[in-house]
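This report describes the packing, aromatic pairs and backbone of one protein chain. The sequence and the structure are shown first.

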Amino acid sequence: MRNKKRGIYARCIKRMLDILLSGLALIVLSPVLLVVAVLVRVKLGSPVIFCQMRPGRNEKIFKMYKFRSMTDARDEKGELLPDDVRLTKFGKALRATSLDELPELWNIFKGDMSIVGPRPLLVQYLPLYNERQRHRHDVRPGLTGWAQVHGRNSISWEEKFNWDIKYVNEISFLNDCRIILQTVSAVLRREGINSADDATMPDFTGNGDS
């Protein structure tokens with residue numbers, strides 16, 4: 001990983017704001033978290049929280065928390081059914097409103113994540129990144145980022161990584177504010193939730209050097 005010198009905002013202030021804002025959000029949104037948890041339990045079953053290992057800053061693996069949005073429906077062989085089958089109407093609503101992401105506020109408070117940054121992807125993608133793409137792990141992953149406000153799951157992996165690297169190279173308080181405001185707008189418009197072909201983003205299979 002490159003050791004790029006960053007300004008005081010990226011080195012100190014950003015983390016302080018993450019702690020303050022995520023802690024406040026956990027308190028203020030606690031009734032919402034409780035209601036969503038009960039609805040998930042009733043409509044989708046348990047466990048209510050979906051946990052998955054994801055790579056964070058410097059590729060350190062951490063456990064990310066989300067509200068589950070899919071059932072555990074399986075075929076006669078015991079294999080999980082495709083995502084578009086297990087993703088119920090309620091699960092789609094959770095994703096469309098980004099309510100499924102709320103438990104990540106705890107990840108932010110703990111220091112695994114930041115409010116703004118490249119989204120944490122799957123651990124199995126790590127060997128598939130080229131050198132440029134790996135720089136998305138120079139910073140803490142975020143709850144939202146440039147890729148999320150420029151199409152989210154509706155853009156290609158190449159576009160997504162380009163936005164991630166742009167963010168890593170241009171971290172600033174102003175950019176973070178822009179991304180947060182655009183995220184609120186995108187959520188209200190429910191844009192970019194699905195890709196053109198899948199209920200969720202297709203798997204990343206590598207794309208060579210770029």
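The sections below cover the nonpolar cores, a helix contact, the aromatic pairs, the backbone and two residue pairs.

## Nonpolar cores

The model is predicted. Its largest nonpolar core has 25 residues. Within this core, Val 40, Phe 67, Tyr 167 and Ile 179 have the most contacts. At least two core residues each are supplied by the helices α1 (8-28), α2 (30-44), α4 (89-96), α5 (104-110), α7 (146-149) and α8 (157-169), and by the strands β2 (61-67) and β3 (114-116). The largest share, four residues, belongs to α2.

Ile 179 is one of the residues with the most contacts inside the core. Leaving aside neighbours within four places in sequence, Ile 179 is in contact with Val 116, Thr 144, Gly 145, Trp 146, Val 149 and Tyr 167. Another core, of nine residues, lies apart from the largest one. Its members include Tyr 125, Leu 126, Phe 161 and Phe 204.

## The contact of α1 with α2

The axes of α1 and α2 come within 4 Å and cross at roughly 60 degrees. This crossing makes α1 oblique to α2. On the α1 side the contact is made by Ala 25, Leu 26, Ile 27 and Val 28. On the α2 side it is made by Ser 30, Pro 31 and Leu 33. Of the residues in this contact, six are nonpolar, one is polar and none is charged.

## Aromatic pairs

The count of aromatic pairs comes to ten. One of them is formed by Tyr 9 and Phe 173, with 5.8 Å centre to centre and 75 degrees between the planes. This pair is edge-to-face, because its angle is over 60 degrees. Tyr 9 lies in helix α1 and Phe 173 in helix α9 (residues 173-189). The pair therefore links distant parts of the chain, 164 residues apart. Tyr 9 is buried, at 13% relative accessible area, whereas Phe 173 is partly exposed, at 47%.

Trp 146 and Trp 163 form another aromatic pair, with 6.1 Å centre to centre and 40 degrees between the planes, and this pair is tilted. Trp 146 belongs to helix α7 and Trp 163 to helix α8, so the pair ties together parts that are 17 residues apart in sequence. Trp 146 has a relative accessibility of 8% and counts as buried. Trp 163 is partly exposed, with 24%. In addition, Tyr 125, Tyr 129, Trp 157, Phe 161 and Phe 204 form one aromatic cluster. Among these, Tyr 125, Phe 161 and Phe 204 also belong to the core of nine residues.

## A buried asparagine in α9

Asn 175 is located in helix α9. Asn 175 counts as buried because its relative accessibility is 9%, under the 20% cut-off. Not counting residues up to four places away in sequence, Asn 175 touches Trp 146 and Glu 170. Trp 146 is also among the contacts of Ile 179.

## Backbone features

Most residues other than glycine have a negative phi, and most peptide bonds are trans. The peptide bond from Ser 46 to Pro 47 is cis, with omega near 0 degrees. Pro 47 is in the loop between α2 and β1 (49-55).

Two residues of the loop between β1 and β2 are Asn 58 and Glu 59. Asn 58 has a positive phi of about 60 degrees although it is not a glycine. Glu 59, also not a glycine, has a positive phi of about 65 degrees.

## Two pairs of separated residues

Ile 13 lies in helix α1 and is partly exposed, with a relative accessible area of 35%. The C-alpha atoms of Ile 13 and Phe 50 are separated by 30 Å. Along the chain these two residues are 37 residues apart.

Asn 207 is found in the segment after α9. Asn 207 is partly exposed, at 35% relative accessibility. Its C-alpha atom is separated by 33 Å from that of Lys 110, and the two residues are 97 residues apart along the chain. Not counting residues up to four places away in sequence, Asn 207 touches Asn 130, Gln 133, Glu 158 and Phe 161. Of these contacts, Phe 161 is also a member of the aromatic cluster.

Definitions and conventions: Residues numbered from 1 in each chain as written. Predicted model: local features only at pLDDT ≥ 70, side-chain atom pairs only at ≥ 80, totals over all residues. Heavy atoms only, no water. Core = buried A, V, L, I, M, F, W, Y, C linked by side-chain atoms within 4.5 Å. Buried < 20%, exposed > 50% of the residue type's maximum accessible area, 1.4 Å probe, protein only. Contact = heavy atoms within 4.5 Å. Axes fitted to C-alpha atoms, helices over the stretch in contact; angles between N-to-C directions. Parallel < 35°, antiparallel > 145°, perpendicular 65-115°, else oblique. Nonpolar A, V, L, I, M, F, W, Y, C, P; charged D, E, K, R; others polar. Phe/Tyr/Trp six-rings, centres within 6.5 Å; stacked < 30°, edge-to-face > 60°.
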